[in-house]
Amino acid sequence: MYLRHGTFSYLPELTDSEIAAQVRYALLNNWPVSIEYTDDPHPRNTYWEMWGLPLFDLDEPDGVLAEINACRSTFPRHYVRVNAYDATYTKQTTALSFLVQRPAEEPGFELARAEGADRRQVYSVRSYATERPQGQRYGG
């Protein structure tokens with residue numbers, strides 16, 4: 001299963017130069033960038049683990065790419081995404097979010113249906129990855 005997350009989810013995987021171009025665009029718009037990772041990509045799991053602190057006051061994407069590569073090497077079997085925040089609305093607003101790494105194996109989700117009162121159907125989504133303990137969900 002190929003999970004779709006973020007802005008460029010229906011495009012082929014971004015190369016490092018394409019990632020740098022998107023980070024450069026965010027920095028030119030004065031959007032601080034942060035890097036996050038997770039091994040539970042449930043659609044409602046919007047709060048991933050943050051890699052370091054948000055990267056403020058950068059002019060070039062080289063520093064962001066170095067942090068992305070450090071996160072990738074530390075968590076090779078996790079999802080890694082880049083977020084850019086626009087503060088012009090006086091609150092934290094996500095302006096850009098996209099994946100820069102995904103695990104080689106993506107087990108997918110189960111759609112569970114239950115019948116409630118008045119024959120109402122209630123659905124829930126459960127990730128197959130959560131059958132394994134955290135940190136061991138994607139491969140060896």
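**Exercise 1. Work out how much surface the protein exposes, and how much of the chain is hidden.**

*Solution.* Start with the surface: in this predicted model, the protein exposes about 8,900 Å². Next, ask which atoms supply it: carbon and sulfur atoms account for 51% of that area. Now turn to the inside. Of the 140 residues, 38% count as buried, where buried stands for under 20% relative accessible area. Finally, get a feel for the dimensions: the C-alpha trace spans about 55 × 40 × 25 Å along its principal axes.

**Exercise 2. List the elements in order and see how the chain comes back on itself.**

*Solution.* Count the elements to begin with: there are 2 helices and 6 strands. Walking from the N terminus, you meet them as α-β-β-α-β-β-β-β. Then look at the contacts between residues at least 6 apart in sequence: 56% of them join residues at least 24 apart.

Now bring in the record. UniProt, in an unreviewed entry, lists residues 4-103 as "domain: Ribulose bisphosphate carboxylase small subunit". Over that stretch the chain is 26% helix and 30% strand, and the C-alpha atoms at its two ends are 13 Å apart.

**Exercise 3. Find the buried side of helix 1 and say what covers it.**

*Solution.* Step one is to locate the helix: helix 1 takes in residues 16-28, 13 residues in total. From first C-alpha to last it reaches 18 Å, close to the 18 Å expected at 1.5 Å a residue.

Step two is to pick out the buried residues, which are Ile19, Ala20, Val23, Ala26 and Leu27. Why do they end up on the same side? They cover an arc of only 120 degrees around the axis, and that puts them on the same side of helix 1. The general rule helps here: an α-helix has 3.6 residues a turn, so residues three or four places apart point the same way.

Step three is to turn the helix around. On the face pointing away from the buried side sit Ser17 and Leu28, both exposed.

Step four is to find the cover. The elements lying over the buried residues of helix 1 include strand 1 (33-38), helix 2 (62-74), strand 3 (79-86) and strand 4 (93-101).

**Exercise 4. Decide whether strand 3 is enclosed or open, then trace its partners.**

*Solution.* Check burial residue by residue: 8 of the 8 residues of strand 3 are buried, so this strand is largely enclosed by the rest of the structure. Now sort them by face. In a regular strand the side chains alternate between the two faces of the sheet. One side of strand 3 has Tyr79, Arg81, Asn83 and Tyr85, while the other has Val80, Val82, Ala84 and Asp86. Both faces are covered.

On to the partners. Strand 1 runs antiparallel to strand 3, and 6 bridges join the two; Tyr37, for instance, has Val80 as its bridge partner. Strand 4 also pairs with strand 3 in the antiparallel sense, over 7 bridges, and there Arg81 stands opposite Leu99. Strands 3 and 4 form a hairpin with 6 residues between them.

**Exercise 5. Describe the hairpin made by strands 5 and 6.**

*Solution.* Take the pairing first: strand 5 (residues 109-115) and strand 6 (residues 121-127) are antiparallel, with 7 bridges. One pair to look up is Phe109 and its partner Ser127. Between the strands lie 5 residues. Then zoom in on Gln121, which belongs to strand 6 and is partly exposed at 34% relative accessible area. Beyond its neighbours within four places in sequence, Gln121 is in contact with Arg113, Ala114 and Glu115.

**Exercise 6. Hunt for residues with a positive phi and place each one.**

*Solution.* Keep the background in mind: most residues other than glycine have a negative phi. Asn30 takes a positive phi of about 60 degrees just after helix 1. Its place is in the loop between helix 1 and strand 1, and at 65% relative accessibility Asn30 counts as exposed.

Next come the hairpin turns. Thr90, in the turn between strands 3 and 4, has a positive phi of about 60 degrees. Asp118 has a positive phi of about 60 degrees in the turn between strands 5 and 6. Arg119 is found in the loop between strand 5 and strand 6, with a positive phi near 60 degrees. Arg119 is exposed, with a relative accessible area of 69%.

How values were computed: Residues are numbered from 1 along each chain as its sequence is written. This is a predicted model: local features need pLDDT of at least 70, side-chain atom pairs count only at pLDDT 80 or more; totals for chains, interfaces and linings use all residues. Side-chain values use heavy atoms; hydrogens and water are left out. UniProt positions are given in the numbering used here, feature names are shortened, and annotations may be inferred rather than shown by experiment. Helices (H or I, at least four residues) and strands (E, at least two) are DSSP runs, numbered from the N terminus. The expected span of a helix is 1.5 Å times one less than its number of residues. Buried means under 20% relative accessible area, exposed over 50%, partly exposed in between (1.4 Å probe, protein chains only). The arc is that of the directions from the helix axis to the C-beta atoms. Contact means heavy atoms within 4.5 Å. Two strands pair if DSSP finds at least two bridges between them. Accessible areas come from the Shrake-Rupley method with a 1.4 Å probe; for residues, only the protein chains shown count as cover.
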